[in-house]
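This report goes through one protein chain, from its strands and helices down to single residues. Please keep the sequence and the structure in view while reading.

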Amino acid sequence: MVGTTEAVNSSASNNKKNRIQVSNTQKPLFFYVNLAKRYMQQYNEVELSALGMAIASVVTIAEILKNNGLAIEKKIMTSTIDMREESGGRPVQKAKIEILLGKSEKFDELMAATAEEALDNE
């Protein structure tokens with residue numbers, strides 16, 4: 001577990017398989033919630049990342065997962081990054097957040113119950 005947490009801080013973390021970069025314009029919130037659940041099943045943890053206005057979406061996704069008992073918060077990192085405006089104009093600073101979530105103790109149990117419920121509804 002320690003090695004995984006250290007990998008988050010490395011420069012190679014930009015292409016990590018368990019990172020979800022959230023945009024507030026492209027997909028509905030629950031798309032990201034369900035994707036995060038699948039990533040946690042596969043990798044035991046997921047990193048949610050966003051810039052600017054999408055930060056509120058990342059926080060909401062993390063809170064949904066935590067409040068449903070599926071995830072525990074491992075680490076929150078905030079920073080600012082320099083970006084250029086679309087027209088190649090002046091540099092602008094944007095806020096960035098990264099939230100690392102891990103599986104809760106009840107994750108597998110809750111996911112099994114959800115899958116069973118879905119089968120019963122068919």
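Which elements do the buried residues of α3 pack against? They pack against α2, β2, β3 and β4. The model is a predicted one, and the rest of this report places that packing in the whole chain.

**Overall layout**

The protein has four helices and four strands. Along the sequence they come in the pattern α-β-α-β-α-β-β-α. Of the 122 residues in the protein, 34% are buried. Among contacts with a separation of 6 or more, 67% are between residues 24 or more positions apart. The accessible surface of the protein is about 7,900 Å², and carbon and sulfur atoms account for 50% of that surface.

**Strands**

Strand β4 covers residues 91–103 and pairs with strand β2, residues 45–51, in the antiparallel sense. Seven bridges make up this pairing. Within it, Leu51 stands opposite Lys96 in β4. Strand β4 also runs antiparallel to strand β3, residues 71–84, and 13 bridges join β3 to β4. Here Glu73 stands opposite Leu101 in β4. β3 and β4 form a hairpin with six residues between the two strands. Gly88, in the turn of this hairpin, has a positive phi of about 75 degrees.

Lys94 is a residue of strand β4. Its relative accessible area is 37%, so Lys94 counts as partly exposed. Leaving out residues up to four places away in sequence, Lys94 touches Ser79, Thr80, Ile81 and Met83. Ser79 and Lys94 are 15 residues apart along the chain, and their C-alpha atoms are separated by 8.4 Å.

**Helices α2 and α3**

How far apart are the end C-alpha atoms of α2? They are 21 Å apart, which agrees with the 21 Å that its 15 residues should span at 1.5 Å a residue. For α3, with 13 residues, the expected span is 18 Å, and the end C-alpha atoms are 18 Å apart, which agrees as well.

Both helices contain buried residues. In α2 these are Tyr32, Val33, Leu35, Ala36, Lys37, Tyr39 and Met40. The elements that cover them include β1, β2, α3, β3, β4 and α4. In α3 the buried residues are Ile55, Ser57, Val58, Ile61, Ala62, Ile64 and Leu65. α3 is followed by Gly69, whose phi is positive, near 75 degrees.

**The nonpolar core**

In soluble globular proteins, nonpolar side chains tend to be buried together. The largest nonpolar core of this model has 25 residues, and Ile20, Leu48, Leu65 and Leu101 touch the most other members. The elements that give two or more residues to this core are α2, β2, α3, β4 and α4.

Leu101 shows how residues from separate parts of the chain meet. Apart from its neighbours within four places in sequence, Leu101 is in contact with ten residues by name: Met40, Glu45, Val46, Leu48, Ala62, Leu65, Lys66, Ala71, Ile72 and Glu73.

**Three single residues**

The table lists the accessibility of three polar residues and where each is found.

| Residue | Location | Relative accessible area | Class |
|---|---|---|---|
| Asn18 | loop between α1 and β1 | 7% | buried |
| Asn44 | loop between α2 and β2 | 44% | partly exposed |
| Ser57 | helix α3 | 17% | buried |

What does the side chain of Asn18 reach? It reaches the backbone oxygen of Glu45, at 3.2 Å. Leaving aside neighbours within four places in sequence, Asn18 is in contact with Tyr39, Tyr43, Glu45, Val46 and Glu47.

Asn44 follows α2. Although Asn44 is not a glycine, its phi is positive, about 70 degrees.

Why does Ser57 count as buried? Buried means under 20% relative accessible area, and Ser57 has 17%, so it falls in that class. Beyond its neighbours within four places in sequence, Ser57 is in contact with Val22, Asn24 and Leu29.

Key:
Residues numbered from 1 in each chain as written. Predicted model: local features only at pLDDT ≥ 70, side-chain atom pairs only at ≥ 80, totals over all residues. Heavy atoms only, no water. Pairing = 2+ DSSP bridges. Core = buried A, V, L, I, M, F, W, Y, C linked by side-chain atoms within 4.5 Å. Buried < 20%, exposed > 50% of the residue type's maximum accessible area, 1.4 Å probe, protein only. Contact = heavy atoms within 4.5 Å. Expected span 1.5 Å × (residues − 1). Polar contact = N/O pair within 3.5 Å; in protein donor to acceptor, adjacent residues only side chain to side chain. Areas by Shrake-Rupley, 256 points an atom, 1.4 Å probe, with all protein chains shown as cover.
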